[in-house]
Amino acid sequence: MSRPLATTTAFSEVSACPSGLDPDRLPAHVAVIMDGNGRWAKSRGLPRIMGHRAGVEALKTTLRLCSKWGIRALTVYAFSTENWSRPGDEVNFLMTLFQSVLQRELESLQSEKVKISFLGDLKALPDRLQELISEATNLTSGNTGIHFNVCTNYGGRRELVLAAQKLAERSVKGELDPALIDENIFAEQLFTAGEVDPDLLIRTSGERRISNFLLWQLAYTEIHITEVLWPDFDEVALKHALFDYQSRCRRFGGIDPITSDCLGT
Ligand code: FPP
């Protein structure tokens, strides 16, 4: 049975970031490819679905810590457009898991001021899940806490194609001069419109791929790969990722370091 999301420390109470980390240089937006659930289960002689169930606990811990430390947005890859090719039982389990977690946690998310959004082609999801997603999105839309974006039936290439279609339609109608389409206008068509691009991408289980995740948004994101399997991802692993992030010198393609910490590196 999973732990409730709510804890004695409210999400909304931002507390000191862990010692050794610079609170002024925390990532504003963290994205996560939660990988390794199946291997975690297999290594324990359990069915794969148990790995997904355990993964929910790691997700709750990560959301709670990011919120507590003042990270403004957390975007996770829960189900990709490619994941439909998994065995039907696993897909059904995941859809039911999303529903039950959403139902169970909505009250806590709301009381902790989390603003939840689901990014992806949601029309392909089961009707009941779509209803719960609408309810959760509407209920939390005005919340001032961490933005929690759950990528569900999400594919980076599909997102880019949909954006191109929307712009083409407006151009055909004469509403938009194609010559005026720039990066800002393009980004406004994406599921992530209004969100800053991720500063840090964490991928668990040692895989070194982007896997069709946030192809546009990750252009200048720092990538942290850890061997930790997603269900084992905990406070230590998150701190490790943040220390790794703060050790980087972000130049965004330029040559001058953007923070004094980069000087001499
Ligand atoms: C990848 O591991 C994980 C997934 C495809 C599912 C992730 C979903 C969760 C952690 C549940 C999230 C719940 C909510 C409500 C958002 P894998 O199965 O590919 O692992 P493997 O590579 O070891 O097989």
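Helices (H or I, at least four residues) and strands (E, at least two) are DSSP runs, numbered from the N terminus. The structure above is a predicted model, where local features need pLDDT of at least 70, side-chain atom pairs count only at pLDDT 80 or more, and totals for chains, interfaces and linings use all residues. Residues are numbered from 1 along each chain as its sequence is written.

**Exercise 1. The overall fold**

Work out how many helices and strands the chain has, and how its radius of gyration fits its length.

Solution.
- Start with the secondary structure: seven helices and six strands.
- Next, put them in sequence order, which gives β-α-α-β-α-β-α-β-α-α-β-β-α.
- Then compare sizes. The radius of gyration (taken over C-alpha atoms) is set against the globule rule, 2.2 Å times the number of residues to the power 0.38. The chain has a value of 19 Å, close to the 18 Å that the rule gives for 265 residues, so the chain is as compact as a globular protein of that length.
- For the outer dimensions, the C-alpha atoms fill a box of roughly 55 × 50 × 35 Å along the principal axes.
- Finally, look at contacts, meaning pairs whose C-beta atoms, placed from the backbone, lie within 7 Å. Of those with a separation of 6 or more, 77% join residues 24 or more positions apart.

**Exercise 2. The core**

Find which residues have the most contacts inside the largest nonpolar core, and which helix gives the most to this core.

Solution.
- Fix the terms first. A residue is buried if 20 or more other C-beta atoms lie within 10 Å of its own, exposed if 12 or fewer, and partly exposed in between, with C-beta atoms placed from the backbone. A nonpolar core is a set of buried Ala, Val, Leu, Ile, Met, Phe, Trp, Tyr and Cys residues joined through C-beta atoms within 7 Å.
- The largest such core has 51 residues, with Val 30, Val 32, Leu 74, Val 76 and Tyr 77 having the most contacts inside it.
- Helix 2 (residues 48-68) gives the most to this core, with seven residues.
- Now zoom in on Leu 74: leaving out residues up to four places away in sequence, Leu 74 touches Val 30, Thr 62, Leu 63, Cys 66, Ile 146 and Phe 148.
- Over the whole chain, buried residues make up 35% of the 265.

**Exercise 3. Around the ligand**

Identify the helix that gives the most to the shell around the ligand.

Solution.
- Count the shell: 17 residues surround the ligand, each with its C-beta atom, placed from the backbone, within 6 Å. The closest are Asn 37, Gly 38, Arg 39, Gly 55 and Val 101.
- Helix 1 (37-42), helix 2 and helix 3 (88-111) each supply at least two shell residues.
- Among the contributors, helix 2 gives the most, with four residues.

**Exercise 4. Positive phi angles**

Decide whether Asn 153 and Phe 252 are buried or exposed.

Solution.
- Take Asn 153, found in strand 4 (residues 147-154). Asn 153 has a positive phi of about 50 degrees although it is not a glycine. With 21 other C-beta atoms within 10 Å, Asn 153 is buried.
- Turn to Phe 252, in the segment after helix 7 (235-246). Phe 252 also is not a glycine, yet has a positive phi of about 50 degrees. Its 8 C-beta neighbours inside 10 Å make Phe 252 exposed.

Conventions
Contact = placed C-beta atoms within 7 Å. Near = placed C-beta within 6 Å.
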